[in-house]
Amino acid sequence: MLYYCRKYCIIIIAFTKGGCILDEFVLKIKKGDKHAFEKLCNDYQQKIYSLAFGLCGNREDALDITQEVFVKIYRGISNFNGDSSLSTWIYRIAKNASYDFLRKSKRNMEEEIPENFHSDEVLTPEEAVLNSEKIEFIRHCIEQIPVKYKTPLLLREYQNLQYSEIAEILDISEGTVKSRIFRAREYLLKIISENRDIL
Amino acid sequence: MDCNNFKIKISALIDGEISENEKREIEEHLNSCEQCRKMRETYENLSGSIKVSEEKIPEDFKVKLPIEKRKVISIFRGHEGVASAIAAAIALIIFAGGISGDKYKAPVVLETTPVADARILKNDEQLPDVTATPETVVADATAQKRNEKSLPEFTPEATAKIQPDESTEEKTLSVAEESDNTALRDGAVPEKVSAGGGGGSSSAMAIITNEIDEIINFQMPDISEFADEGVYNYLKEKLLDIQRKAKENSVDIVTEFEELKAEINNAKK
């Protein structure tokens, strides 16, 4: 009886705070359930790390960012009220932590790709196939994409997120996500075609 | 139709992010445009290449979380009243200990009591604290010395212990003599000492010299008690300097010594 009273109270509080109903898993983490938090770590560590690595391009820094993100999750989970999904909330923290790192490293965060940019040298479909032996090359090319465009591309390719989820994480419209991913692809094709000779 | 304008739709198409109507429209175009068909294939292959480049997290990666303070008192969860009571009790003990500790740490030999006070206090001779008159402490000192070989803390007993060895004049101090000779209570500087001469100041200097020994040996032996090694060395140097001045019996060191003692207490962690 007490259990149900408590459960409904939490639901009412969630609604009055303007948030959504928090699922059982999130409630467990909020209550300090160690196993639930471990599961969250297992579910998200690869996702956070690959995003951080894609954005900062360095293993050590990506590991530091990943640690930092989990500390922020741990400390901030009590304030998570379900306004967005847990996944969106976590990716937003990861994106912000990576951006903070890039700003501290004095990277240019405002670099733009022109509105009507199109790669002049079109790669053949075969040339766009870069297998595992060419990983470092493709990473080197990805690194050169301006951050603003690279982030939605990585969220799409590495995390397999939908445009609507990416839009929520980055706080931009779905149309902007669609446009930025397209421009990031065009830019990447241009960089690959310019560096084909070093392949 | 401009194929460049179609590229953005092809990009969204491979992500599965277009409506059914758009999809039909694009497929119609793709059937008639080889360049765009190749473009779609290039985008698909590029997407595969990016996915291959995803860096895997090291297998030995472990999330390290900071130890939160609230975990330490988690045993009191639901019993915050008990925790508060214990905290209050500890605070009280520390506070009371601080006050009495300061009294105890106050060197008895410098608490030479004026006559009026001494007479009142004489009735409480048994009290082992600073309310005991100097002669009581001196009288007890020999017996205490036998029982206590060394004291880790600076206590009245420890101070008293060193008195009999120094001067027979101190052993025979009477209440009347006290008022005539040294009156160093609460750091008050007796005229004779201030003047830097006379038999009374000589004994006061000897007392201070001994007290400095006591501080160096019992109060400052462990450098780890101090927040800063430099401060420790500086204070020790200063103590030795005062001790040297006391031995030379030339200048007023009482006030300087009192200030230094306060400085030492502040410098401790």
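Me: Contact means heavy atoms within 4.5 Å. How many residues from chain A and chain B does the contact take?

Reply: This is a predicted model: local features need pLDDT of at least 70, side-chain atom pairs count only at pLDDT 80 or more, and totals for chains, interfaces and linings use all residues, while side-chain values use heavy atoms and leave out hydrogens and water. Residues are numbered from 1 along each chain as its sequence is written, with chains lettered from A and ligands numbered from 1 in the order in which they are written. The contact takes 35 residues from chain B, and from chain A it takes 46 residues.

Me: Which residues in chain A lose the most area to chain B?

Reply: Buried area is the accessible area (1.4 Å probe) that two parts lose on being put together, summed over both. Chain A and chain B bury about 3900 Å² between them, with 60% of it on carbon and sulfur atoms. In chain A, 16% of what that side buries comes from the three that lose the most: Y74(A), E157(A) and R185(A).

Me: How many salt bridges does the rule find across the interface of chain A and chain B?

Reply: A salt bridge is a side-chain nitrogen of Lys or Arg within 4 Å of a carboxyl oxygen of Asp or Glu. Side chains of opposite charge can pair when their charged atoms come close. R139(A) and E55(B) form a salt bridge, N to O at 2.9 Å. Across the interface, the count is six.

Me: Which helix gives the most to the side of chain A that touches chain B?

Reply: Helices are DSSP runs (H or I, at least four residues), numbered from the N terminus. On the side of chain A that touches chain B, at least two residues each come from α3 (34-56), α4 (59-76), α6 (135-143), α7 (147-157) and α9 of chain A. With nine residues, the helix that gives the most is α9(A).

Me: Is S193(A) buried or exposed?

Reply: S193(A) lies in helix α9 (residues 174-194) of chain A. A polar atom of its side chain is 2.8 Å from the backbone oxygen of K190(A). Buried means under 20% relative accessible area, exposed over 50%, partly exposed in between (1.4 Å probe, protein chains only). The relative accessibility of S193(A) is 8%, so this residue is buried.

Me: How far apart in sequence are D100(A) and R103(A), which meet in a salt bridge?

Reply: The side chains of D100(A) and R103(A) pair at 3.2 Å, N to O. D100(A) is partly exposed, at 32% relative accessible area. R103(A) is partly exposed too, at 46%. Both lie in helix α5 (residues 86-104) of chain A, about one helical turn apart, because their separation is three residues.

Me: Which parts of chain B does the pair E263(B) and K238(B) tie together?

Reply: These side chains meet in a salt bridge, N to O at 3.5 Å. The pair ties together parts 25 residues apart in sequence, because K238(B) lies in helix α13 (residues 229-248) and E263(B) in helix α14 (residues 254-267).

Me: What is the distance between the end C-alpha atoms of helix α1 of chain B?

Reply: Helix α1 (residues 3-14) of chain B has twelve residues. The expected span of a helix is 1.5 Å times one less than its number of residues. The expected span for α1(B) agrees with the distance between its end C-alpha atoms, which is 16 Å.

Methods: Polar contact = N/O pair within 3.5 Å; in protein donor to acceptor, adjacent residues only side chain to side chain.
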